[in-house]
Amino acid sequence: MLRLRDFGLRNGINEVIVITKGEKLNTAPIGIIVEDEESVFAKAKLFPSHTRENLEKGSFFIANISNDAVLFALATFYDLGEEYFESLDPPILRNSLAFCEFEAKLEGSIANLRLLRGKVLRNEIRAVNRGFNAVIEALIFATRLKLNPKLAERIRECYGIIEKCGGEKEKLAMEIIKKETGIR
């Protein structure tokens, strides 16, 4: 029996890169909300976006589980081109640890998700890296910056953690955030 936990999705909000299809592939970091990791059901809050538009038109919803800070940063600001994929059918980003395909039913701002299939692609052991976590937080703040300009200070706080705790990829992701937000 399939379970969310089999693909690394645990209770709480799990940051993944979701791929949908409109005129082209759309890549976007999304928080998948899991209330029961032993089940196949989850949720995602979707703001007006290409991801939401694509789902309204019947697109697939494929979550790529990744710990690549650069992929998260790039997917936040751009739709990734084919060169970032190791497969287009199903769409799987390079270095993804796993992927999950979900049926997505929109109900207001919530996408109710049901796991259809998935596959673990790489069994990689990695300790928690505070720099990676700070990249994710900075990206979340960056997506909300237009609604709340005061988040610029929070992004700068994340930079300090990334500098202190991050590795090469986390620091490269930070440079992408700086470039795209203009926040130094």
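**Entry 1: R52.** I looked up the contacts of R52 and found that it touches L46, F47, L106, G108 and S109, leaving aside residues up to four places away in sequence; contact means heavy atoms within 4.5 Å. The model is predicted, so local features need pLDDT of at least 70 and side-chain atom pairs count only at pLDDT 80 or more, while totals for chains, interfaces and linings use all residues. Residues are numbered from 1 along each chain as its sequence is written, and side-chain values use heavy atoms, with hydrogens and water left out.

I placed R52 in helix 1 (residues 50–56); helices (H or I, at least four residues) and strands (E, at least two) are DSSP runs numbered from the N terminus. R52 counts as buried because its relative accessible area is 15%; buried means under 20%, exposed over 50%, and partly exposed in between (1.4 Å probe, protein chains only). I also noted that R52 and I110 are 58 residues apart in sequence and 9.8 Å apart in space, C-alpha to C-alpha.

**Entry 2: aromatic pairs.** I searched for ring pairs and found two in the structure. Rings of Phe, Tyr and Trp (its six-membered ring) pair if their centres lie within 6.5 Å; planes under 30 degrees apart count as stacked, over 60 as edge-to-face and the rest as tilted. The rings of F61 and F102 have centres 6.0 Å apart and planes at 80°, so I recorded this pair as edge-to-face. The pair links distant parts of the chain, with F61 in strand 4 (residues 61–65) and F102 in strand 7 (residues 98–107), 41 residues apart. F61 is buried at a relative accessible area of 0%, and F102 is buried at 3%.

The other pair I recorded is F72 with F132, also edge-to-face, at 6.0 Å centre to centre and 75° between the planes. This pair too links distant parts of the chain: F72 lies in helix 2 (residues 69–77) and F132 in helix 3 (residues 130–143), 60 residues apart. I found both F72 and F132 buried.

**Entry 3: helix 2.** I then examined the helix that holds F72. Helix 2 is mostly covered, with eight of its nine residues buried: A69, V70, L71, F72, A73, L74, A75 and T76. I traced the packing of these buried residues to strand 1 (12–21), strand 2 (25–34), strand 6 (91–93), helix 3 and helix 5 (168–181). At the N-terminal end of helix 2, D68 acts as a cap, with a side-chain oxygen 3.0 Å from the backbone nitrogen of V70.

**Entry 4: backbone geometry.** Most residues other than glycine have a negative phi, and most peptide bonds are trans. I looked for departures and found a cis peptide bond joining D89 and P90, with omega about 0°. P90 is in the loop between strand 5 (85–88) and strand 6. I also noted N95, which is not a glycine yet has a positive phi of about 70°. N95 lies in the loop between strand 6 and strand 7 and is partly exposed, with a relative accessible area of 43%.

Definitions and conventions: Polar contact = N/O pair within 3.5 Å; in protein donor to acceptor, adjacent residues only side chain to side chain.
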